[in-house]
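Work through the exercises below with the sequence and the model open. Each one sets a task and then solves it in steps.

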Amino acid sequence: MENTINVHSFELGDYKCSVIQDFDQPWTVWELFSNVPKDELEAKLRETGEDPGIRRCGNVLLLQLGTNNILVDAGLPDGNLLQGLEQLGITPRDIDSLVLTHADMDHVGYLDIFDKATVYFPEKAYTMWTTNEDMMIDELARLFQGKAPIEQVKGMEAQRRKFAQEVLPSISARLSRVKEGEAFLNDFTFIESGGHRSDHHALEVRSGDHTLLHVVDTFRLSLQLTKPHLACRFDTYQGLVKAIIPLLAKRAIEKHAIVLGTHITFPGLCQLEEAENGFVMKPLAEVN
Ligand SMILES: [Zn+2]
């Protein structure tokens, strides 16, 4: 019998939203923040009460409005996304719009399968990939050079080269480039937040009085929200991430937004509150 994929559905104004758990891997805080001194991490864990044993989840968001199906990011190759969609009665050809936040492997895995979808990609991300290809290929691999097996690093480079040279040109006819801050699909806006990678963007969706702020890969744990803000070792420009975290957190609080993070433990949803030492992630039930 096939396993059931975790899917969490909720409403955002007129939208029916579903978070599909694309993947779930055991991980520890020590591995994720191996660049942070151990005593500093231990102090932060005591502050937030988080467990050092964590899950690395991949959450993919589907929004449905009438007969329109909008998917945010295209999952990890060989992840559970297609099976999760099938559970919701949706085939890849039913996806009308695909919103791409950045081109890391776990966000573009099934891009070619959604071949009926218009692909919304930030203008800045497109420009980076088409004018700075070498830099974009190197951005991820250099984080792992000397720290991961050489084949793994070469695999990352190959995946990113393929995105620049084959995947991006192959979707050019259905690609819609969107400027930061400009509304698209009526209710969607990209927010430039290029710290994790230089093409990385957060996303805001509004429906009536309701706002969802998808922080994508900006943070994944409460301990990253405590001052001084902590960036994880998967972030290429860690100084920028530290500056972006409080900006996004303040924006979420101002708008009373539901916050979604791709790698926050499934279903990846929370609300943020300001605290003496930064911000805290609150489960939605506690805030409502
Ligand atoms: Zn990611």
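Two strands count as paired if DSSP finds at least two bridges between them. The model used here is predicted.

**Exercise 1.** Find how strand S10 and strand S11 pair, and over how many bridges.

Solution.
- Locate S10 at residues 210-216 and S11 at residues 258-261.
- Four bridges link S10 and S11, and the pairing is parallel.
- For one bridge, start from His-214: its partner in S11 is Leu-260.

**Exercise 2.** Place S10 and S11 in their sheet, and state which strands stand at its edges.

Solution.
- The sheet is open and has six strands, in the order S8-S9-S10-S11-S12-S13, with mixed pairing.
- Strand S8 (188-192) and strand S13 (278-282) each have a single partner strand, so one side of each is left without a neighbour in the sheet.
- Neighbouring strands here are turned against each other by 35 degrees on average, direction ignored.

**Exercise 3.** Follow the same sheet from S11 to S13 and give the sense of each pairing.

Solution.
- S11 and S12 are antiparallel, with two bridges. Within this pair, Val-259 is opposite Cys-270.
- S12 and S13 are also antiparallel, joined by five bridges. Here Gln-271 is opposite Lys-282.
- Two residues lie between S12 and S13, and the two strands form a hairpin.

**Exercise 4.** Which helix lies across S9, S10, S11, S12 and S13, and at what angle does it run to S12?

Solution.
- The helix is H8, and it runs at about 100 degrees to S12.
- H8 covers residues 238-254 and gives six residues to the largest nonpolar core, the largest share of that core.

**Exercise 5.** Which members of the largest nonpolar core touch the most other members?

Solution.
- The core has 72 residues, and the members in question are Leu-98, Leu-203 and Val-259.
- Take Val-259 as the example. Leaving out residues up to four places away in sequence, Val-259 touches Leu-213, Val-215, Ala-252, Leu-269, Cys-270, Gln-271 and Leu-272.
- Cys-270, one of these contacts, is also the residue opposite Val-259 in S12.
- As a general background, nonpolar side chains in soluble globular proteins tend to be buried together.

**Exercise 6.** Describe the seven-stranded sheet, starting with its strand order.

Solution.
- This open sheet has the order S1-S2-S3-S4-S5-S6-S7, and its pairing is mixed.
- Its edge strands are S1 (7-12) and S7 (175-178), each pairing on one side only.
- From one strand to the next, the twist averages 25 degrees.
- S1 and strand S2 (residues 15-28) run antiparallel and are joined by six bridges. Glu-11 is opposite Lys-16 in S2.
- Helix H5 packs on this sheet, where H5 touches strand S6 (118-122) and S7. The direction of H5 makes about 85 degrees with that of S6.

**Exercise 7.** Compare the span of helix H7 with the expected value, then find where H7 bends and what its buried residues pack against.

Solution.
- H7 spans residues 150-170, which is 21 residues.
- From first C-alpha to last, H7 reaches 29 Å, close to the 30 Å expected at 1.5 Å a residue.
- The bend is at Phe-163 and amounts to about 45 degrees.
- Met-156, Arg-160 and Leu-168 are buried in H7.
- The buried residues of H7 pack against helix H5 (123-131) and helix H6 (133-144).

Conventions:
Residues are numbered from 1 along each chain as its sequence is written. This is a predicted model: local features need pLDDT of at least 70, side-chain atom pairs count only at pLDDT 80 or more; totals for chains, interfaces and linings use all residues. A nonpolar core is a set of buried Ala, Val, Leu, Ile, Met, Phe, Trp, Tyr and Cys residues joined through C-beta atoms within 7 Å. A residue is buried if 20 or more other C-beta atoms lie within 10 Å of its own, exposed if 12 or fewer, and partly exposed in between; C-beta atoms are placed from the backbone. Two residues are in contact if their C-beta atoms, placed from the backbone, lie within 7 Å. The expected span of a helix is 1.5 Å times one less than its number of residues. The bend at a residue is the angle between axes fitted to the seven residues ending there and the seven starting there. Axes are lines fitted to C-alpha atoms, for helices over the stretch in contact, and angles run from 0 to 180 degrees between N-to-C directions.
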